[in-house]
Amino acid sequence: MSSEQQDFLRRKQISLRGLPEIDSVKDVITAFNRHLHYTCAKDRNVSTNKDFYFALANTVMDKLVGKWIRTQQNYYKQDVKRVYYLSLEFMMGRALSNTMVNLMLEGACDEALYQLGLDMEDVQSEEPDA
């Protein structure tokens, strides 16, 4: 098998079918509960704010990963050149709220937590400083 065929098959293996779409409050609630139960292995009766934070962070990460994979597929399709730059001269700080704003999920996440009876500030306060 030629190198071009192997490259084509490798690119084809990246699938978007299994990635959840997270665009609405209902989608956020569904993904949040899924992560709370299956990623954190907890239910609402024994969960702490840290568990709620991890469930929310993983929900936001689902959206981020979906966009990242779509971007990678477009890069492979268009065969674009890439430049990599690494800088260690900044302090990250807390990333969850910035990521929600950048993905335009802040309103949906805030409303979803409100509907679940949780306070966004309490959940976000569990994030460690980077």
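Colleague: In which loop is Met104 found?

Modeller: Met104 lies in the loop between α4 and α5 (106–115). Helices here are DSSP runs of H or I with at least four residues, and strands are runs of E with at least two, numbered from the N terminus. The model is a predicted one, in which local features need pLDDT of at least 70 and side-chain atom pairs count only at pLDDT 80 or more, whereas totals for chains, interfaces and linings use all residues. Residues are numbered from 1 along each chain as its sequence is written, and side-chain values use heavy atoms, with hydrogens and water left out.

Colleague: What is the sign of phi at Met104, and is the residue buried or exposed?

Modeller: Met104 is not a glycine, yet its phi is positive, at about 55 degrees. Burial is read from relative accessible area: under 20% is buried, over 50% is exposed, and values in between are partly exposed (1.4 Å probe, protein chains only). Met104 has a relative accessible area of 75% and is therefore exposed. Asp79, also not a glycine, has a positive phi of about 50 degrees. Asp79 is found in the loop between α3 and α4 (96–102), and its relative accessible area of 65% makes it exposed.

Colleague: How should one read the sides of a helix, and which residues of α5 are buried?

Modeller: An α-helix has 3.6 residues a turn, so residues three or four places apart point the same way. In α5 the buried residues are Ala108, Cys109, Ala112 and Leu113. They cover an arc of only 130 degrees around the axis, and therefore lie on the same side of α5; the arc is that of the directions from the helix axis to the C-beta atoms. Gly107 and Tyr114 are exposed on the other side of α5.

Colleague: What covers the buried residues of α5?

Modeller: The cover includes α2, α3, α4 and α6, where contact means heavy atoms within 4.5 Å. Another residue in helix α5 is Asp110, which is partly exposed with a relative accessible area of 40%. From C-alpha to C-alpha, Asp110 and Val25 are 8.6 Å apart in space, although 85 residues apart in sequence. After α5 comes Gly117, with a positive phi near 80 degrees.

Colleague: How is a salt bridge defined, and how many are there?

Modeller: A salt bridge is a side-chain nitrogen of Lys or Arg within 4 Å of a carboxyl oxygen of Asp or Glu. By this rule there are 5 salt bridges. One of them joins Arg70 to Glu21, with the closest N and O atoms 2.6 Å apart. This pair links distant parts of the chain, 49 residues apart: Arg70 is in helix α3 (residues 49–78), and Glu21 is in the loop between α1 (3–12) and α2 (25–39). Arg70 is partly exposed at 30% relative accessible area, as is Glu21 at 46%.

Colleague: Which residue forms a salt bridge with Lys50, and which with Lys42?

Modeller: Lys50 pairs with Glu126, the closest N and O atoms being 3.9 Å apart. That pair also links distant parts of the chain, with Lys50 in helix α3 and Glu126 in the segment after α6 (120–124), 76 residues apart. Lys42 pairs with Asp51, at 2.9 Å between the closest N and O atoms. Asp51 is buried at 9% relative accessible area, whereas Lys42 is partly exposed at 29%.

Colleague: How are aromatic pairs read, and why does the pair Tyr53 and Phe54 count as tilted?

Modeller: A pair of aromatic rings is described by the distance of the centres and the angle of the planes. Rings of Phe, Tyr and Trp (its six-membered ring) pair if their centres lie within 6.5 Å; planes under 30 degrees apart are stacked, over 60 edge-to-face, and the rest tilted. The whole structure holds 2 aromatic pairs. The ring centres of Tyr53 and Phe54 are 5.4 Å apart with planes at 55 degrees, so the pair is tilted. Tyr53 is buried at 9% relative accessibility, whereas Phe54 is partly exposed at 39%.

Colleague: Which residue lies over the face of Tyr76?

Modeller: Arg82 does, at 5.3 Å from the ring centre. The rule asks for NZ of Lys or CZ of Arg within 6 Å of the ring centre and within 35 degrees of the ring normal.
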